[in-house]
Amino acid sequence: MAGEFESVEKSLEKHLPPKELAEVRRILYGKELKALDFSSEVKNLADKKNFELKGYAFTAEKESLRPARVVRVGLIQNQIILPTTAPVPQQIESLHQRISEIIEVAAQCGVNVLCTQEAWTMPFAFCTREKHPWCEFAEPAETGATTKLMQELAKKHNMVIVSSILERDDEHGEILANTTVVISNTGKYLGKSRKNHIPRVGDFNESTYYMEGNTGHRVFQTQFGKIGINICYGRHHPQNWMMYGVNGAEIVFNPSATVGALSEPMWPIEARNAAIANSYFTCAINRVGTEIFPNEFTSADGKPAHKDFGHFYGSSYVAAPDGSRTPGLSRTRDGLMVAEMDLNLCRQVKDRWGFRMTQRLDMYAESLAKAVQPDYQPDVVTEK
C-alpha cells in the first residue's frame, strides 16, 4: 500500500524523544499502558507470517473480596489475499488459511477471546450493488464452512471466537444478513448477533443486500466474561452501545469495514467514548487495504465512477472504561492486537464515576416513548 501513512504511533516514535513520547501517549491514550512481553519465537513467527503484533495490559485495583478476572482479548485486522476476480471458493479458502495462521499465533499469545473484522471471509463488495458473485460468499451461521473451521480452532485453543460473516438464513427464506457468530471455547456454537444499523452513505450500499438485524442487543456469557457485538455502523449510535451495557456486557466488539475518506476522524473517538459512557471494554477492529472490483460503480455524488471503495485504514484498538486505550495497529498492514484486561475494572469505574447510577433510564424511556408517536411535538420553549 505505497503512499499510505502507516500510523500515528510510528510517526510519534520516529520523531519524539522518549520522555516527551511518554507524555504525549499519556495525553492521547489516557495513560501509557504496559506492553505485553511476547516470546521471541512468537514475535519471529508474526514477522515470518508478515503481520504486526502488538500487546498491552489494562490493570485494575486489587480487591479484598473478588479475585482478579484477567482475560486476554485478540483482534485481527487483515486485507484480502486474492483479487476480487478470483473464483469465490479460492478467495474464501485463502482467507481461511490466513486467519487460521494468525489465530495460531494468538493462541501462543494466550488469547482467550478473539474477534475478526467485519465480513472477514470476503471482499467488502457491498459498494458495487451487484448481486453476483458477491451473494455466493454467504453461508449459514450455524453450519457453514467458516463456523465449522472456527469451532475446530476454538476447541483446539480453548478460545472463544467471534466471527463476522455474510449469513445465508436458510430457515427464513434464504435471506442475507450481516451476522457475527460466537463460538464457545468448548467449540460449540453459542449464538449469533446481527447488525442493528445499516449504512446508506457514500459507497456503503449495504441495504441492497440485507436489512437491519433482528437479534437486538444480545450479550453472550462466556467463560471469559460477558461479551456483546456492535457491528460496524452501529458504533455511530450511542443508544446501540448503551443497550449492550444495559444487558450486562463487559466487553463489546465492533467488527468493522470503513475507509479513511469517510470515517477516520470518528474512528479513534467512538469506541473509546462508548467504553467510558457504558463502563465496559470496547474493541474496535477495521480491515486493511484497497479492494479493486471488476466493474465501475458510482457514489451518487456527481464524481466519476470508480472501482474501489478507498483505503480501509485498519487502526484497530482497545479502550477501557476508565478512558484509557491502546495505540492502534497499522493503517496498512495485517495485524493482531492482544489486550490483557482485568474485568474488575468495569465495576470499579461504575463505583467511581456513577454513570450507571445517574443514567436516568426511566426518564429517557418515558421521553422516547412519546417521541416515537405520530403526534409527538418537540418540547421547545419559545418567547411569547
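# Briefing: a buried cysteine, a pocket and a surface patch

C346 is part of helix α9, which spans residues 344-353. The structure is a predicted model. This briefing covers C346, then the largest pocket, and then a nonpolar patch on the surface.

**C346 and its surroundings**

- The relative accessible area of C346 is 5%, and C346 therefore counts as buried, the cut-off being under 20%.
- C346 and I276 stand 70 residues apart along the chain, and 9.7 Å separates their C-alpha atoms.

**The largest pocket**

- The volume of the largest pocket is about 340 Å³.
- Its lining consists of 18 residues, and those nearest the centre of the pocket are V8, E9, Y29, P268 and R325.
- Three helices, α1 (8-15), α2 and α8 (267-278), each contribute at least two residues to this lining.
- Helix α8 provides the largest share of the lining, with 5 residues.
- Sorted by class, the lining residues of the largest pocket comprise 9 nonpolar, 5 charged and 4 polar ones.

**The nonpolar surface patch**

- F5, V8 and L28 together form a nonpolar patch of about 260 Å² on the surface.
- V8, a member of this patch, is also one of the residues nearest the centre of the largest pocket.
- L28 belongs to helix α2, which covers residues 18-29.
- With a relative accessible area of 37%, L28 is partly exposed, because this value falls between the 20% limit for buried residues and the 50% limit for exposed ones.

Methods. Residues are numbered from 1 along each chain as its sequence is written. This is a predicted model: local features need pLDDT of at least 70, side-chain atom pairs count only at pLDDT 80 or more; totals for chains, interfaces and linings use all residues. Side-chain values use heavy atoms; hydrogens and water are left out. Patches are made of residues with over 30% relative accessible area and no salt bridge: like charges are joined within 9 Å, nonpolar side chains (Val, Leu, Ile, Met, Phe, Trp, Tyr) within 5 Å. Accessible areas come from the Shrake-Rupley method with a 1.4 Å probe; for residues, only the protein chains shown count as cover. A salt bridge is a side-chain nitrogen of Lys or Arg within 4 Å of a carboxyl oxygen of Asp or Glu. Helices (H or I, at least four residues) and strands (E, at least two) are DSSP runs, numbered from the N terminus. Buried means under 20% relative accessible area, exposed over 50%, partly exposed in between (1.4 Å probe, protein chains only). On a 1 Å grid over the protein atoms alone, a cavity is a set of points where a 1.4 Å probe fits but cannot get out, and a pocket is an open set with protein on both sides within 12 Å along at least five of seven lines; lining residues have an atom within 4 Å of a point. Grid points are joined across faces, edges and corners, and a volume is the space filled by probe spheres set on the points. Ala, Val, Leu, Ile, Met, Phe, Trp, Tyr, Cys and Pro count as nonpolar, Asp, Glu, Lys and Arg as charged, and the others, Gly among them, as polar.
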